[in-house]
Amino acid sequence: MRRIRALSLIAALALIGAACGGDDKAADTGSSTPVATNAVPASASGPGTGGKAVGFIFVGPKDDFGYNQAAYQGSQELKKAYPSLEVLTAENVPENDSATQVMEDMIAKGAKIIFATSYGHKDPGLKVAASHPDVVVVSQGNFVEGKMAANFGTYFGTVYEPVYLAGIAAGKATKSNKLGYVYAFPIPQTLANISAFELGAKSVNPEAKTYVVNTSNWCDPAKQAEAANSLISQGVDVLTQHQDCTKTVIATAEAKGAMTVGYHADASALAPKGWLTGSEWKWGPMYTDIVKTIVEGKFTGSKYNANYRVGYKDGENPFIQSKFGPSVNADTQKLVTDAKTKISSATGSPFVGPLKDQDGKELIASGKVPTYDEVEKIFASSFVDGVIGKIPKS
Amino acid sequence: MNLFLEVSTGAVRGGTSILFAALGETIAERAGVINLGTEGSMLAGALTAYAVTAQTGSPWVGVIAGASAGGLMALVHAIMVVRYRTNQLATGLVVLFLGLGLTSLFGASYVSEIIKPFKTWKVPGLGSIPWVGDIFFNQDPLVYLSYFAAPAVWWLLYRTRAGLLLRSAGEQPDALSAYGYSPSLVQIIAVTVGGMFAGIGGAQLSTAYANAWFENMTQGRGFIAVALVIFAAWDPIKAVFGAYLFGAALALAPALQARGYGLNQFALDVLPYVMTLLALVLFGRKRVDHAPEGLKSVFELAPSS
């Protein structure tokens, strides 16, 4: 008995060690790409120049195996690239007026650049940008309609590209032809993701359908558990998600013998058996380039002073594919690699027309390849045909 | 799995954390103390159970630690309101925020930890009964523990001398003093034990149900538990039905969605709370008459005679 307990203690420690090891490795990859340390030019002028700090606000904790962890790692890579700038970080910043207050505090501490890293931080960010013309606020995700202020911008990767590739792995792996998607809110980015996942699966398995459940919360673990359980009891055998904290869905799937496609971060340690692949963020290079543009006084009018979207076609998508799990065979891996080459080409996209929505209405005309900007508009309130489940009405 | 079966299974699984908290709150309120800090005790239990499970590898050790942490939070409340006669409602809220703050602070480093959680365990024999087996006997060990806990609390309150003393502390503290017992001590013990139950409820969330720790992961379930106690007229057996009703409302939304029904999701999300409110409005007024004497002054807020 004692021996068993000692063994399980060792196992627990090993797991913790593995988790920490994973973190270190991720950080190392960041630094091993030759990041020259940059100096801040003294003479530049314009919004965002002349500051001594850069502020980052996160909606959740920095160790959430998800969105916030990835953004936090990006901020730490920026710190390495710009040793002379202080990097201020604030976790668990709600998407309301408290965010405005946190950003004001950062500005008071000398920050002239603010990264508002959650979708709902956009509006507080716009408020701060309006009252501080000398400060640049950039919003991670979300979209500014109409005229863009000279000191504001939104940026994002094209998340649906690696999600499409993961859909291929899911479509090959499923035995029930039922895939499950646990998501938070019906925002365009999520609807495009779910549609891309279904299209990826359908491209290799015409019978594959994607069942959706939403939780109306970016991180309510109990609701996630219930959503995952519901989907699994409907016969779903591959689960994926769009949540900020991703542990619960993956752990629930693994416990019930279902397979998992990750999102936001490499969580393969949570699902040694069921992990297929996933998508994860690598923000460091983009954060560094945004800061470089700002401190050189070139922000206004630059590509970042807009709704900037970058994907496989430009080469530098900050959203990359996670490693494959043990059950994904070489044939499937090749299908994924080939598809990646295809959607990276000028005429490629997960969303090449003709595509229909759930009601059979045309979403994208035959032969049309939508641009990155167009995708979020096309999927403002539609799922592609093959997704089972309705978009919640408010 | 059909809809009824799935929602019922989800109701038991999801209602258990609320059930434990409601049982604990029943004990505290029977002794004349309302503890709005129940949510804080749940959070303390959820984090401590998760952290200790991560350290030791045993979720059972985690649950014991979680119960202790929940009891400790409640002890703070008990000492304030019993010893220093502070306002029960205000103190409960302070204890909640204390729990929220402390668990956010100390919990940050456990968000990324991985644990070996409780596993679903099918009870031999019972688990094979159609319907009943699926709903009640194919669950995690803490659900099974709750099957014993609810009757045990009832038995304790109504069939033991300790229960008589406890209820006297809530109804006739002077009589208790006259017999040479300290009502204050009885109340402090009752509130602390109540907090331990809430701690187990929190532990069920983090180590058996969601298998994760996140800041504020209880999301108001402690308050639901406090409301349920009133709805259940301070009866631990009725609290079981209340907790499962709430659990069913929670399980209904994903079960319908997974079947592709296009219902108003936002309306479904408020359903559990609307049901709790309705229950309070329908039964609440009558219920207050059943309230332990010591609680009536708290509910009426105005200083009673």
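**Figure 1. Strand 6 of chain A is covered on both faces.** A:Lys178, A:Gly180 and A:Val182 are buried on one side of the strand, and A:Leu179, A:Tyr181 and A:Tyr183 are buried on the other. The model is predicted: local features need pLDDT (the predictor's confidence in each residue, from 0 to 100) of at least 70, side-chain atom pairs count only at pLDDT 80 or more, and totals for chains, interfaces and linings use all residues. Residues are numbered from 1 along each chain as its sequence is written, while chains are lettered from A and ligands numbered from 1 in the order in which they are written. Buried means that 20 or more other C-beta atoms lie within 10 Å of a residue's own; exposed means 12 or fewer, and partly exposed falls in between, with C-beta atoms placed from the backbone. Strands (E, at least two residues) and helices (H or I, at least four) are DSSP runs, numbered from the N terminus. Strand 6 spans residues 178–183 of chain A, and 6 of its 6 residues are buried, so the strand is largely enclosed by the rest of the structure. In a regular strand the side chains alternate between the two faces of the sheet.

**Figure 2. Strand 6 and its sheet in chain A.** The sheet is open and holds 7 strands in the order 12-10-9-8-6-7-15, with mixed pairing. Two strands pair if DSSP finds at least two bridges between them. Strand 12 (319–321) and strand 15 (387–388) are the edge strands, each pairing on one side only. Strand 6 runs parallel to strand 7, joined by 6 bridges. A:Gly180 has A:Tyr211 of strand 7 as its bridge partner. Elsewhere in the sheet, strand 9 (residues 259–264) and strand 10 (residues 275–281) also run parallel, with 5 bridges. There, A:Gly262 is bridged to A:Gly278 of strand 10.

**Figure 3. The cis peptide bond at A:Pro354.** The bond joins A:Gly353 and A:Pro354, with omega about 5 degrees. A:Pro354 sits in the loop between helix 10 (330–344) and strand 13 (355–356) of chain A.

**Figure 4. Chain A where it touches chain B.** The contact takes 44 residues from chain A and 39 residues from chain B. Two residues are in contact if their C-beta atoms, placed from the backbone, lie within 7 Å. On the chain A side, helix 1 (2–32), strand 7 (209–214), helix 7 (221–233) and helix 8 (247–255) each supply at least two residues. Helix 7 gives the most, with 10 residues. By class, this side of chain A has 24 nonpolar, 13 polar and 7 charged residues. Here Ala, Val, Leu, Ile, Met, Phe, Trp, Tyr, Cys and Pro count as nonpolar, Asp, Glu, Lys and Arg as charged, and the others, Gly among them, as polar.

**Figure 5. Residues 1–33 of chain A.** Throughout this stretch pLDDT stays under 50. The model has 25 contacts beyond four places in sequence for these residues. Chain A as a whole has a mean pLDDT of 88, and 91% of its residues reach 70 or more.

**Figure 6. Helix 10 of chain B and its flanking loops.** Helix 10 spans residues 221–231 of chain B, and 11 of its 11 residues are buried, so it is largely enclosed by the rest of the structure. Among them are B:Arg221, B:Phe223 and B:Phe231. B:Gln219 lies in the loop between helix 9 (183–209) and helix 10. Its phi is near 50 degrees, a positive value in a residue other than glycine. B:Gln219 has 17 C-beta neighbours inside 10 Å, so it counts as partly exposed. B:Ala233 follows helix 10, with a positive phi near 50 degrees. The loop that holds B:Ala233 runs between helix 10 and helix 11. With 18 C-beta neighbours inside 10 Å, B:Ala233 counts as partly exposed.

**Figure 7. The largest nonpolar core.** This core has 210 residues. A nonpolar core is a set of buried Ala, Val, Leu, Ile, Met, Phe, Trp, Tyr and Cys residues joined through C-beta atoms within 7 Å. Residues with the most contacts inside the core include A:Ile114, A:Val238, B:Ala22 and B:Leu228. B:Ala22 touches B:Ala225, B:Leu228, B:Val229, B:Ala239, B:Gly242 and B:Ala243, not counting residues up to four places away in sequence.

**Figure 8. The fold of chain B.** Chain B has 13 helices and 2 strands. Its C-alpha trace spans about 60 × 45 × 40 Å along the principal axes. A compact globule of 305 residues would have a radius of gyration near 19 Å, and chain B agrees, with 19 Å. That radius is taken over C-alpha atoms; the globule rule is 2.2 Å times the number of residues to the power 0.38. Of the 305 residues, 56% count as buried.
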